[in-house]
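Please open the model in your viewer and keep the sequence beside it, since each stop on this tour begins with something to select.

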Amino acid sequence: VEQRDPEKDEFVVLACDGIWDVMSSQGVVEKVRDLLMNGRPPAPVAAQETMSPGSPDVEPSSPRSKRPWDLGAVCEELIDHCLNLGSRDNMSVIIVLMNPSLKPKPDAAQ
């Protein structure tokens, strides 16, 4: 049993092994804290945009609307980050916010 320190505790991350296969506990804490403090990261350049025009493997991509910047979006960003790190296992994430001042702000989305 771990005693909770309301002055220091920020959030709890519950995740399955698809996350922990490619990130350390400290790495997850740092990534989640960064997402909560700084908002949505800029979108990476899609691989499809870097391929030559007319390539048979490239289909025009439809712009996907971004969900509101909330804890669910933070979870999605963490999963996308783990996919980019090479995770191919099942991934589920829940973030329990302990410090309400870290709640994602819609205007923090880029």
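Select Glu-10 to begin, bearing in mind that this is a predicted model; with a relative accessible area of 22%, Glu-10 is partly exposed. Now add Arg-33 to the selection and look between the two side chains, where a salt bridge joins Glu-10 to Arg-33, with the closest N and O atoms 2.8 Å apart. Arg-33 is likewise partly exposed, at 31% relative accessibility. Trace the chain from one partner to the other and you will see that the pair links distant parts of it, since Glu-10 lies in the segment before β1 and Arg-33 lies in helix α2, 23 residues apart.

How many salt bridges does a search of the whole structure find? The search finds four, and two further ones can be visited together. Select Arg-67 and Asp-70, whose side chains meet in a salt bridge at 3.1 Å from N to O, and then add Glu-76, whose side chain meets that of Arg-67 in another salt bridge, at 3.0 Å from N to O. Through these shared partners, Arg-67, Asp-70 and Glu-76 are joined into one network. Each member counts as partly exposed: Arg-67 at 32% relative accessibility, Asp-70 at 28% and Glu-76 at 38%.

Keep Asp-70 selected and add Gly-72, because the next stop is the start of helix α4, where a side-chain oxygen of Asp-70 reaches to within 3.1 Å of the backbone nitrogen of Gly-72. Then select the whole of α4, residues 71-84, which has 14 residues and reaches 20 Å from its first C-alpha to its last, close to the 20 Å expected at 1.5 Å a residue. Just after α4, select Gly-86, which takes a positive phi of about 110°.

Which residues of α4 are buried? They are Ala-73, Val-74, Cys-75, Glu-77, Leu-78 and Cys-82. To see what surrounds them, display α1 (17-20), α2 (25-38) and β2 (93-97), against which the buried residues of α4 pack.

From here, turn to the largest nonpolar core, which has 18 residues. Select Phe-11, Val-13, Val-28, Val-32, Val-93 and Ile-95, the residues with the most contacts inside this core. The elements that give two or more residues to the core are β1 (11-15), α2, α4 and β2, and its largest share, five residues, comes from α4. Now keep Phe-11 alone and show what it touches: leaving aside its neighbours within four places in sequence, Phe-11 is in contact with Val-29, Val-32, Arg-33, Leu-36, Ile-95, Val-96, Leu-97, Met-98 and Leu-102. Arg-33 in that list is the partner of Glu-10 in the salt bridge where the tour began.

For the last stop, select the cysteines Cys-16, Cys-75 and Cys-82. A search of the whole structure finds zero disulfides. Why does Cys-16 not form one? The closest cysteine sulfur to that of Cys-16 is in Cys-82, and because the two sulfur atoms are 9.4 Å apart, they are too far for a bond, the cut-off for a disulfide being within 2.5 Å. Cys-16 is partly exposed, with a relative accessible area of 23%, whereas Cys-75 counts as buried, at 9% relative accessibility.

Notes:
Residues are numbered from 1 along each chain as its sequence is written. This is a predicted model: local features need pLDDT of at least 70, side-chain atom pairs count only at pLDDT 80 or more; totals for chains, interfaces and linings use all residues. Side-chain values use heavy atoms; hydrogens and water are left out. Helices (H or I, at least four residues) and strands (E, at least two) are DSSP runs, numbered from the N terminus. The expected span of a helix is 1.5 Å times one less than its number of residues. Buried means under 20% relative accessible area, exposed over 50%, partly exposed in between (1.4 Å probe, protein chains only). Contact means heavy atoms within 4.5 Å. A polar contact is a pair of N or O atoms within 3.5 Å; within protein, one must be able to donate a hydrogen and the other to accept it, and residues adjacent in sequence count only if both atoms are side-chain atoms. A nonpolar core is a set of buried Ala, Val, Leu, Ile, Met, Phe, Trp, Tyr and Cys residues joined through side-chain atoms within 4.5 Å.
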